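Student: Hi! Could we walk through this one together?
Tutor: Sure, let's bring it up.
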Amino acid sequence: NARVFAVYGKGGIGKSTTSSNLSVAFAKLGKRVLQIGCDPKHDSTFTLTKKLMPTVIDVLESVNFHSEELRVEDFVFEGYAGVKCVEAGGPPAGTGCGGYVVGQTVKLLKEHHLLDDTDVVMCGGFAAPLQHAERALIVAANDFDSIFAMNRIVQAIGAKSKNYKVRLGGVIANRSAATDQIDKFNAAAGLRTIAHIPDLDDIRKSRLKKATLFEMEPTPAILAVQQE
């Protein structure tokens, strides 16, 4: 019954930061939230747990991939606002398939019925699983590289939606004072911007403090982002 969101965008655009803040926002609305980090860097949940957590691939290796020997607390950790956090992990760049690891993570979560006790699942990272998501959110800046990547992502989601339930949820404009180029793309592609986050130093500071925006001093800029 969980609503599953997958967050996409070019490298370094703010997928992890966006996912973590969305997770806390849902938690503060009373939802039971699970965030899955879908990147070998395993830092998607960093601002929720305040440190890099053991990954699913790490704990599976520790039991020689006998998943029946694992307990939930071996790979699920509670973060800020009660958000449950899982990091899939994965092989070093160029040495394996991150998507396979994420698939094994989803399988493990289902075996332990964790998705049955969750209202919202946030998947952040380049290997976020489209086939398991209900809505795909794209994080993009108002520049050519971000929009070029967004175009490729839109095509991939369109192809996957022919056989799976995933649909485009919208665009989150990030690190941008203006959105004119994103607006032009949205008009051509039939998309819409669901939030606009300007280039705020408060967001950079929150990462340095291992915190979400909800834990920072409530400046007018931060309050405006929370309302988005």
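Student: Which residue follows H7, and what is the sign of its phi?
Tutor: Lys 210 follows H7, and its phi is positive, near 55 degrees. Helices (H or I, at least four residues) and strands (E, at least two) are DSSP runs, numbered from the N terminus. Residues are numbered from 1 along each chain as its sequence is written, and side-chain values use heavy atoms, with hydrogens and water left out. This is a predicted model, where local features need pLDDT of at least 70, side-chain atom pairs count only at pLDDT 80 or more, and totals for chains, interfaces and linings use all residues.
Student: Nice. Which residues of H7 are buried?
Tutor: In H7 (residues 201-208), Asp 202, Ile 203 and Ser 206 are buried. Buried means under 20% relative accessible area, with a 1.4 Å probe and protein chains only.
Student: Why are they on the same side of H7?
Tutor: Because they cover an arc of only 100 degrees around the axis, taken from the directions from the helix axis to the C-beta atoms.
Student: New topic: what is the strand order in the open sheet?
Tutor: The 8 strands run E3-E4-E2-E5-E1-E6-E7-E8, with mixed pairing. Two strands pair if DSSP finds at least two bridges between them. The edge strands are E3 (77-78) and E8 (193-197).
Student: How many bridges join E6 to E7?
Tutor: There are 6, and the two strands run parallel. Val 139 stands opposite Ile 172 in E7.
Student: And how many bridges pair E7 with E8?
Tutor: E7 and E8 pair over 4 bridges, also in the parallel sense. Ala 173 has His 196 in E8 as its bridge partner.

Key
Buried means under 20% relative accessible area, exposed over 50%, partly exposed in between (1.4 Å probe, protein chains only).
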